[in-house]
Amino acid sequence: MAALKYWVWLTTLPGLGERAKLQLLAHFGSPEEIYFAPEGELLLAEGITKLQAALLADKSLDRAEKVLEDCARDGQFLLTMDDAGYPARLRNIYDPPLLLYGKGSLPLFDDEVAVTVVGTRDCTPYGVRAASQLGYELARQGALLVSGMAKGIDGAAMRGALQAGGFTAAVLGGGVDVVYPAENRRLYEDIAATGVLLSEYPPGTEPLPGHFQKGGGVFFQHPHPGQPAEKDAQMHHFHPHGAAGHAAGLQMPEELRKRADVHTGKISVFRTQKPGEFLQRLPHGKLVGGAQAFLCGQKTDEAFQMGFHGVTSPAR
């Protein structure tokens, strides 16, 4: 617990960017060493400016101690990037979160077939059914479903996975103790009881628009975009409005994006009666970045075959 307060101090320090924190950690080895380092030594860290070193002069631990008290009161655990349970696939991305807050049971993400299903909040009834069915079938086959618990597609996929008795992980855009949207409270409670809720943000943090795209990086990124390793069915975060999808190198024409009912990084679900005609309308017959079109008449195990290079029936 003594060391944790320095992790919380560093990650909640106002004004200091994530890259600067990572550079400091790479140089000093631990937040505690950063805390006690004099300004002259701080400037020896690669890329650290005098202004950034001045921000580290704030040595108050009051904020960190309050966060730890709030976590204990709410039953939250904290996971630092130095902990053994911290996923290697997350540690290896460009800007991994230094600290995660969680509630529930943390799985061994590196040993799991982890799949994200992410889509629009303003979806059609068909989109809700398709996402729920997809979540159910993926969980039934043993996949660990990761999503954002938002209204619409995200929540529907999570509910489907829960109905199949699957393990779910919700990555939140606010504090783990903040239920958002309020209408998903029952879903929030079910995931906390049978899966895990995760966030980069300390207790009490209200969800903000920028948090959702940033938080998507927690488990929606992969060190080798478009080339999942065998038995790694993790999908990239595909934001319906394009920003995170572009970052992952996964795009589709605007006309087709509007028609898609469910988006994932490797598969998009469309409702169509003429699959051949639909595919002819795609540039070069496929989605950009190696993504696949998952037509609703296909079975979920076919989605594993076409999206995950040999992963057909994952088992946990």
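Start by selecting Tyr35: at 12% relative accessible area, this residue is buried. What you have open is a predicted model, and Tyr35 is a handy place to enter it.

**Around Tyr35**

Keep Tyr35 on screen and add Trp9. The two rings make an edge-to-face aromatic pair, with 4.9 Å from centre to centre and 85 degrees between the planes. Trp9 sits in helix 1 and Tyr35 in helix 3 (residues 31-36), so their pairing ties together parts that lie 26 residues apart in sequence. Like Tyr35, Trp9 is buried.

Now add Phe36. Tyr35 pairs with Phe36 too, again edge-to-face, at 4.9 Å centre to centre and 80 degrees between the planes. Is Phe36 buried or exposed? Phe36 has 56% relative accessibility, so it counts as exposed, the cut-off being over 50%.

Bring in Tyr6 as well, and you have one aromatic cluster made of Tyr6, Trp9, Tyr35 and Phe36. Across the whole structure there are four aromatic pairs.

One more thing to select here is Lys59. Its charged end sits over the ring of Tyr35, 5.1 Å from the ring centre. For another arrangement of this kind, jump to Arg19, which lies over the face of Tyr94 at 4.2 Å from the ring centre.

**Into the core**

Go back to Trp9 and colour the nonpolar residues. Which residues have the most contacts inside the largest nonpolar core? They are Trp9, Leu24, Ile34, Leu56 and Leu197, in a core of 60 residues. Helix 1 (residues 4-11) is the top contributor, giving six residues to this core. In soluble globular proteins, nonpolar side chains tend to be buried together.

Pick Leu56 next and show its surroundings. Not counting neighbours within four places in sequence, Leu56 touches Trp9, Leu10, Leu13, Leu16, Leu24, Ile34 and Leu42. There is also a second, separate core of nine residues, including Val146, Phe167, Ala169 and Leu198.

**Across the sheet**

Switch to a cartoon view and find the open sheet of six strands. Its pairing is mixed, and the strand order is 1-2-6-5-4-3. Which strands form the edges? Strand 1 (77-80) and strand 3 (114-116) do, since each pairs on one side only. From one strand to the next, the twist averages 25 degrees.

Begin at strand 3. This strand runs parallel to strand 4 (residues 144-147), and three bridges join the two. Select Ala114 and you'll find Leu144 of strand 4 opposite; select Thr116 and the residue opposite is Val146, also in strand 4.

Stay on strand 4 and show its side chains. Both faces of this strand are covered: Leu144 and Val146 are buried on one side, Leu145 and Ser147 on the other. In a regular strand the side chains alternate between the two faces of the sheet.

Next, move to strand 6. Here too both faces are covered, with buried Val196 and Leu198 on one side and buried Leu197 and Ser199 on the other. Strand 6 has a partner on each side, so take them one at a time:

- Strand 5 runs parallel to strand 6, and three bridges join them. Select Ala170 to see its bridge partner in strand 6, Leu197.
- Strand 2 runs antiparallel to strand 6, with four bridges between them. Select Gly102, whose bridge partner in strand 6 is Leu198.

Now turn on helix 10 (residues 185-194). This helix lies across strand 2 (99-104), strand 5 (168-171) and strand 6 (196-199), and runs at about 105 degrees to strand 6.

**A proline stop**

Follow the chain on from strand 6 into the loop that leads to helix 11 (209-215), and select Pro207 there. Pro207 is buried, with a relative accessible area of 17%. Add Pro181 and draw a distance between the C-alpha atoms: the two prolines are 26 residues apart along the chain, and their separation is 9.3 Å.

**Zooming out**

Finally, show the whole chain. How many helices and strands does the protein chain have? There are 15 helices and nine strands. Of the 316 residues in the chain, 54% are buried. Among contacts with a separation of 6 or more, 67% join residues 24 or more positions apart.

Definitions and conventions:
Residues numbered from 1 in each chain as written. Predicted model: local features only at pLDDT ≥ 70, side-chain atom pairs only at ≥ 80, totals over all residues. Heavy atoms only, no water. Core = buried A, V, L, I, M, F, W, Y, C linked by side-chain atoms within 4.5 Å. Buried < 20%, exposed > 50% of the residue type's maximum accessible area, 1.4 Å probe, protein only. Contact = heavy atoms within 4.5 Å. Axes fitted to C-alpha atoms, helices over the stretch in contact; angles between N-to-C directions. Phe/Tyr/Trp six-rings, centres within 6.5 Å; stacked < 30°, edge-to-face > 60°. Lys NZ or Arg CZ within 6 Å of the ring centre and 35° of its normal.
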